[in-house]
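Welcome! Take a moment to look over the sequence and turn the structure around on your screen before reading on.

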Amino acid sequence: MESENPSFDKSFRNEVKMLTEIRHWNILRLYGFRLHKRNMFLVYEYMEGGSLSFVLANDGEAFKLNWSKRVNIIKGIASALAYMHHDCTPAMIHRDITSSNILLNSKLEAFLSDFGTARFLHPDSSNQTLLVATYGYIAPELAYTFRVIEKCDVYSFGVVALEIMMGKHPEDFISTLSKPSTQMLRDVLDSRLPLPFFRRDAQDVVLVVTLALACLRSSCKARPSMQQIAQELLVSKPLVYLPFNDVSI
């Protein structure tokens, strides 16, 4: 039984602790829980849209996510992580940012979920940890330092942001970043959608991809903070002419 599994029990208790101590619009709301020797369950706010990973994998559902909706999803995730990293005392890290752990409501707005492996960062601790994140989203330094910091979440956010823009996990694309090559942005974006037509959409897509690439820098110190990312995404910028077909990576 799950209730008798020590690792499941620890994850369950951790999720309850974390979600009862934080409040943010883009973090899934916990309404209640039951903890008993025979069974345990959590009661969450219902998310009609399902998981982001499911939506992106389904052609019909993915088509409903136009560029502006995708950018808004990324803004929501960035806002939630900026709150956790910079507005919580001590700072909280999620440790498992993936498209499966992002849920969508009926308006296709994003909510961060699954806090079973989340933890607070204590300044008087080494913050070393077991490797618990999902393969394909793990910051490279975790493989050899086992020290978890906010920039590990930043890396995972960058992977998810690219996944949203590309419509699939960017593993192959990320593997080419260390090689001297030039790719056109139009060839990387999700081909199930027409290229951004409106100037605002085009400008936002370029900004998101630029920020995502900054999050994937091999040096964790060179990555921006989630606060910087959230501010860049939320600040309204004057529209400029953007020859989208000529934008390269």
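This report visits a helix pair, a few unusual backbone spots and two charged residues in a predicted model.

**A pair of helices**

Let us begin with two helices that pack together. Two packed helices are described by the angle between their axes and by the distance between those axes. Helix H4 covers residues 67-87 and helix H6 covers residues 150-166; their axes are 10 Å apart and meet at an angle of about 170°. Angles over 145 degrees count as roughly antiparallel, and therefore H4 and H6 are roughly antiparallel to each other.

Which residues of H4 and H6 meet? On the H4 side they are Trp67, Arg70, Val71, Ile73, Ile74, Ile77, Ala78, Leu81 and His85, while H6 brings Glu150, Asp153, Phe157, Val160, Ala161, Ile164 and Met165. Sorted by character, the residues of this contact are twelve nonpolar, one polar and three charged.

**Unusual backbone spots**

Most residues other than glycine have a negative phi, and most peptide bonds are trans. With that in mind, look at the loop between H4 and strand S4 (92-93), where Pro90 sits. Thr89 and Pro90 are joined by a cis peptide bond, with omega at about -5°.

Two residues have a positive phi although they are not glycines, and the table places them side by side.

| Residue | Phi | Loop | Relative accessible area |
|---|---|---|---|
| Arg95 | about 80° | between S4 and S5 | 15% |
| Leu108 | about 60° | between S5 and S6 | 17% |

Buried means under 20% relative accessible area. Arg95, with 15%, is therefore buried, and Leu108, with 17%, is buried as well.

**Two charged residues**

Is Lys107 buried or exposed? Lys107 has a relative accessibility of 62%, so this residue counts as exposed. You can find Lys107 in the loop between strand S5 (102-104) and strand S6 (110-112). In sequence, Lys107 and Lys69 are 38 residues apart, yet from C-alpha to C-alpha they are 9.2 Å apart in space.

Now move along the chain to Arg223, in the loop between helix H9 (199-215) and helix H10 (226-234). Arg223 counts as buried because its relative accessibility is 3%. What does the side chain of Arg223 make a polar contact with? The partner is the side chain of Glu141, at 2.8 Å. Leaving aside residues up to four places away in sequence, Arg223 also touches others, including Ala139, Pro140, Lys151, Tyr155 and Cys215.

Terms used:
Residues are numbered from 1 along each chain as its sequence is written. This is a predicted model: local features need pLDDT of at least 70, side-chain atom pairs count only at pLDDT 80 or more; totals for chains, interfaces and linings use all residues. Side-chain values use heavy atoms; hydrogens and water are left out. Helices (H or I, at least four residues) and strands (E, at least two) are DSSP runs, numbered from the N terminus. Buried means under 20% relative accessible area, exposed over 50%, partly exposed in between (1.4 Å probe, protein chains only). A polar contact is a pair of N or O atoms within 3.5 Å; within protein, one must be able to donate a hydrogen and the other to accept it, and residues adjacent in sequence count only if both atoms are side-chain atoms. Contact means heavy atoms within 4.5 Å. Axes are lines fitted to C-alpha atoms, for helices over the stretch in contact, and angles run from 0 to 180 degrees between N-to-C directions. Angles under 35 degrees count as roughly parallel, over 145 as roughly antiparallel, 65 to 115 as roughly perpendicular and the rest as oblique. Ala, Val, Leu, Ile, Met, Phe, Trp, Tyr, Cys and Pro count as nonpolar, Asp, Glu, Lys and Arg as charged, and the others, Gly among them, as polar.
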